[in-house]
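Biologist: Got a minute to go through this one with me? I'd like to talk about helix packing and pockets.

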Amino acid sequence: MTFRHIVGKNLKYNFGRFLSYLFVNSFVVAVLFLYGSLLFNEILAQNGSFRAASAYIHAAAYAILVFAIVFVAYTGIYFVKSRSREFALYLALGMTDRDLIRMIHIESLAIVAGSMVFGMLSGLLLSNLFYMILGRILGFTGFRYTDIYYIDYKTFLLSLGVFIIVFLFNMLFTKLFISKRSIVQMMKSGSTKGVSKSRPVIGAFATVICTFSTFFLHEFLARSEWARDITSNYPALIPLFTFTVVIVSLYFVIAFGIDIVRYFSKRFPVFYNRNILTFGSLSHRFFPYKVTLYIVSLLIFVAIYFMGMGTSIYTYNDKTIEEFVPYDFMIETSSDINNISADEIKVLVEGAGGVLDSISALKFASCQNYRNTEDGLINYYLENYRDSMVISESEFNRHMGLQLDVKADELLLVYNSSADAQEPINFDTVITIDPWREGVTHAEAFGANPTDMDTFVGTLGYTKHLVYDREKISSIYAPFIDSYGNIEYAGVLANVIDDDVYKSLNADTETVYLFNLKSGDGGQVFDAIMDGLRIINGADESLWESSSLVFGEKDDIINLRPIYKQERFDMAFGIGGFTFFAFSFIGFLFLLSSGVVLYYKIVTDIDEEKEQIDMLKRIGLNNKECRSYLTRHLAILFFTPFVIGGILGTVYMHAELVFSPYVDYMMGFIWIIIGGVAVLDVLLYLSLRNRFFRGVEV
């Protein structure tokens, strides 16, 4: 028999294994292709929402690359180790290491070629569905599937380049695996590959470390002060290191958990003897059990986290945007910028075929809000990056149609976010009245050299200011203004004070026009307003070409672009849509990968499991008893990672959301995601269990 015949026979005999290996590698190529098409999409790159969400999309791309490297490496190493007895047999029959490596290289080239062809074809076919789903999510913004479908050459380079590089490392590992082991070692590895020493001391220590690190990260993400103080010098490095500790220690925690189960089960002889085959399998296959449980647990954890993050960002926008943008249009004036009147606005609207429903010219004075808390004096703008304004009670009542009565020594804080209005008033307040730029400059100087409240007030000199005790401060929520910002809408704080106190300030007044449209085309009206303001400001059409405004400066004409509610909605949900799609895609990818890992393990272990079942039948077990043993064996592999990954995913998602007053609302969606993952896990378990039973013939 020639070398070519041996290669052919080997491919035919291991066709099932090669096919499963080809499938998982094609899966990775297709995934890289799909996400690469989104990452390098030049059509989407011209969209403001996509650019604003690009930070999220690029962060997700790193997760995809890490996934691809780890996934291909894991399946490649497992594939080689599962064939160790086969390699030993070839060597025993006279084949040299060189011949064996040559044969494996031929196999690998066939798998690489097949994986790239099938992966790219799958990627091209699935890309249509990929963009159809994205187009559906972004349909309200005017996007259509045919408008955004785009495949760049960089997509091909990314998917093929990453896969080939990782596969070359796998081939190097295979060469080292064969050249460094004798025939006897490879023969033994078939029966001892699962044997591994228990390390209860290391496991117990790792459990303590993992638990504390998880708790610390939860508190850090939840913005706990003690956790933030610890990381103040290294705000990125310490959390990253802690997360790495969690990921590494989890491996030993799972091994320790298996040890604990085995130890305590022996304390109950009846239970142990009834499940002796399962516990024996845990001992004999200790290493593959803990590796598989570890990898699948991480995949499910990452899946829940990414799907949860994408859903949370989208639902947060859905929950809050009506509060942040209550009016159809807003024009803010500042000094000589946007110097327009209500009558001129009416003319512009009517000229575009629109009819105004209501219009209000809200007059205010720019200010800075300082708060004396238990931790010292802070500046509201610096802490929250939210603008603050002073409004007289009569002006606010007129604007909102209310009848509030604010006494001379009282302060009413009005938030345009219901979440902010729930914050407890445990602070005294100092308000300084300055034009916007001067106020920010003074705030930044204070931030560089903070002082206590008495010292700060003493340094104000002739600066106009007001001081209020916490007992005289109250707060409400009212949709009194539109907010700037595309990603996280900057809230606005109104300091409503007594009329006489307001008059005594004799402050420079600015105006913000807030109006709703009764009828007409909002887009045409907005275009007319933009053109009219460009003429008033002496600017050409290049002004306000971009709608990407994030926390604009209030004395910069570029950042005092008029606000159009529908445009803000499209921008917010466009960003949320891109983020939701990208993160959900990655989450579903990792979830699907957990199933692929389990599928791959079951397919590659069928021959070995069949041998063990044959031995069990020879000692008297019937098919029903064998199925019962295999059912418990598979249940451990499927449902233990779901519990571990589900717990980690829930903990970290809760940490990301706990600081928000909408935590219960958004966590409801997280529970729905976890429930969906549980259903998919059960369905996959039932389908692969039947496949496993047929493979081992029980």
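Modeller: Sure, we can take a few helix pairs and then a pocket, keeping in mind that this is a predicted model.

Biologist: Okay, α5 and α6 to begin with. At what angle do their axes cross?

Modeller: Roughly 135°, with the axes of α5 (residues 84-92) and α6 (residues 97-137) coming within 10 Å. Angles over 145 would count as roughly antiparallel, so α5 and α6 end up oblique to each other.

Biologist: Left-handed or right-handed crossing?

Modeller: Right-handed, for α5 passing α6.

Biologist: And which residues make the contact?

Modeller: On the α5 side, Phe87, Tyr90 and Leu91; on the α6 side, Asp97, Leu100, Met103 and Ile104. Split by class, that contact of α5 with α6 has six nonpolar residues, one charged and no polar.

Biologist: Switching to α10 and α12. How far apart are those axes?

Modeller: They are 7 Å apart, and α10 (residues 200-221) packs against α12 (residues 237-265) at about 140°. That angle makes α10 oblique to α12. The crossing of α10 past α12 is left-handed.

Biologist: What's the residue mix there, by class?

Modeller: For α10 with α12, 18 nonpolar, six polar and one charged.

Biologist: α12 also meets α24, I think. How are those two oriented to each other?

Modeller: Their axes cross at roughly 155° and come within 13 Å, with α24 covering residues 623-657. With the cut-off for roughly antiparallel being over 145 degrees, α12 and α24 therefore count as roughly antiparallel. α12 passes α24 in a right-handed crossing.

Biologist: Which side chains should I click on for that pair?

Modeller: In α12, go for Phe243, Val246, Leu250 and Ile254, which meet Ile644, Leu648 and Tyr652 of α24. The contact of α12 with α24 has seven nonpolar residues, no polar and no charged.

Biologist: New topic, then. How much space is in the second largest pocket?

Modeller: About 730 Å³. The second largest pocket is lined by 26 residues, and the closest to its centre are Leu34, Leu126, Phe585, Phe588 and Leu592.

Biologist: Which helices supply at least two residues of that lining?

Modeller: α2 (15-39), α6, α15 (286-324) and α23 (565-618) each do.

Biologist: So α6 turns up again. How many of the lining residues are nonpolar?

Modeller: 22 of them, along with four polar and no charged residues in the lining of the second largest pocket.

Terms used
Residues numbered from 1 in each chain as written. Predicted model: local features only at pLDDT ≥ 70, side-chain atom pairs only at ≥ 80, totals over all residues. Heavy atoms only, no water. Axes fitted to C-alpha atoms, helices over the stretch in contact; angles between N-to-C directions. Helix = DSSP H or I, 4+ residues; strand = E, 2+ residues; numbered from the N terminus. Parallel < 35°, antiparallel > 145°, perpendicular 65-115°, else oblique. Left-handed = near helix turned anticlockwise from the far one by under 90°. Contact = heavy atoms within 4.5 Å. Nonpolar A, V, L, I, M, F, W, Y, C, P; charged D, E, K, R; others polar. 1 Å grid on protein atoms, 1.4 Å probe; cavity = no way out; pocket = protein on both sides within 12 Å on 5 of 7 lines; lining within 4 Å. Points joined across faces, edges and corners; volume = space filled by probe spheres on them.
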